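Visitor: I'd like to go over the empty space in this one. Can we start with pockets and then move on to cavities?

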Amino acid sequence: MQFINKHRFRALLLMLVLGVSAAIRVHAGEPVTLMHVHGLAYSADGKRLMIPSHHGLAVFENGRWSKAAGPAHDYMGFSTTRDTLYSSGHPAPGSGLTNPFGLIKSNDGGSTWQKLGLEGESDFHTLATSYGINAVYVFNHAPNSRMPRAGIHHTSNDGLKWTRAAARGLGRELNSLAVHPTDASIVAAGTADGLYLSRDSAETFERLAGGQRVLAEAFDLDGQHLWFGTYSGKATLARIALKAGSKPEELPIPALTEDAVAYIAQNPVRRSEIAMATFKRSVFLSKDQGRTWSQLAQNGVTHE
C-alpha cells in the first residue's frame, strides 16, 4: 500500500509552495502574511482561530490577525483537543531544541510545550486527535524507537504506549486522518480514491464516498457527521451523516482556482461556525454551517 500526505500533494498541485523562505511576517501596522498553512483549529473558548506555520502560530481573534505568544517553531501535524494542543515539527532556529520534535503538547495555548517522546526521530505531518478524549493518531513513514514498522499508530496516554493499526481495506495514498470527538475508536481517512471510516481504531476501514481524492476531513462535534474536502479537477466540500446508507451533501464554497480544501475546523462554542483553509493559503469562515462564506485570507494575504 502506498501512502502520501497532503504536504506532498501541495507540491503536486501546481507547485503551490511559493518561495524558499517560510515565515509569518509581523510588523507594526502591517498585516500577518501566511506563508504556509500547516493546520487549522479553534481555541476551546471559540474566540481564537489558530493557524500553525513554519514560524509559530497565526491567530484570528475579534476580527484581527496577530502572531500568538510562544516560540516560533515550525509546527507540523497540528491538532487540538478540548484542553490540549498537540503537534510535531521542527524547533525555531536558536532554540537549542532537538530536531525534529516527535510529539509535543501544550496546555496553555501554545505559549509553552512539553516533549512527549520521539524527539530527533520522527516528524509527523499526518496527526489527528479526538477532541474530547486526548487520543492521538499519527502516520509514521519510517520505523522509530517506539514504532518498529511504518503505518498508522495511536496512543491514549501521550505517547507512553503506541499501538500500530492494521488499516485493512484502506485505499491507496493516505492524505489525512480525523478522530471522532467522543469515541476514539472511530477514525476517518482521506485517500486518493475516497473517504474511509473505521470503527475499530483503524484496524479495518470501509469506504464512505469514492471517486475523488479526499484531502481533508473533520468530524462534526455532534459526533454524527463528517465534513470532507475533495479534489477532482475542482475543489469541493461535503458533509455526510454517519448512518448506514447516508449520501454526501455537497456544500457551496467560493471558487478555488487550482486549489483545494486542506483543513476544516468547527467552532466548539458556536457550532454553526466552520472555517476552512486551502493549499494556496486562503482562509474562509462560515457562520451558517457552510451555506455562505467570508474570506479571512487570500493566497496568504490576511484580511481584517
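Visitor: What volume does the largest pocket have?
Guide: This is a predicted model. The largest pocket in it has a volume of about 180 Å³.

Visitor: Which residues are the closest to its centre?
Guide: K47, F60, R270, E273 and L285, out of 14 residues that line the largest pocket.

Visitor: How does the lining of that pocket divide by class?
Guide: Six residues of the pocket lining are charged, four are polar and four are nonpolar.

Visitor: Now cavities. How many of 30 Å³ or more are there in the whole structure?
Guide: The search finds two. The largest cavity has a volume of about 630 Å³, and the second largest about 30 Å³.

Visitor: Which residues are the closest to the centre of the largest cavity?
Guide: L40, S79, E217, A218 and I264. The lining of the largest cavity has 37 residues.

Visitor: Which strands supply at least two of those lining residues each?
Guide: β3 (41–42), β7 (74–80), β11 (126–129), β15 (174–179), β19 (213–219) and β23 (261–266) do. The helix α1 (6–12) also supplies at least two.

Visitor: And how many of the residues lining the largest cavity are charged?
Guide: Three are charged, while 22 are nonpolar and twelve are polar.

Visitor: Back to the second largest cavity. What lines it?
Guide: G56, L57, A68, A69, G70, P71, Y75 and G110.

Visitor: What classes are those?
Guide: Five nonpolar and three polar; the lining of the second largest cavity has no charged residues.

Key:
Residues numbered from 1 in each chain as written. Predicted model: local features only at pLDDT ≥ 70, side-chain atom pairs only at ≥ 80, totals over all residues. Heavy atoms only, no water. 1 Å grid on protein atoms, 1.4 Å probe; cavity = no way out; pocket = protein on both sides within 12 Å on 5 of 7 lines; lining within 4 Å. Points joined across faces, edges and corners; volume = space filled by probe spheres on them. Nonpolar A, V, L, I, M, F, W, Y, C, P; charged D, E, K, R; others polar. Helix = DSSP H or I, 4+ residues; strand = E, 2+ residues; numbered from the N terminus.
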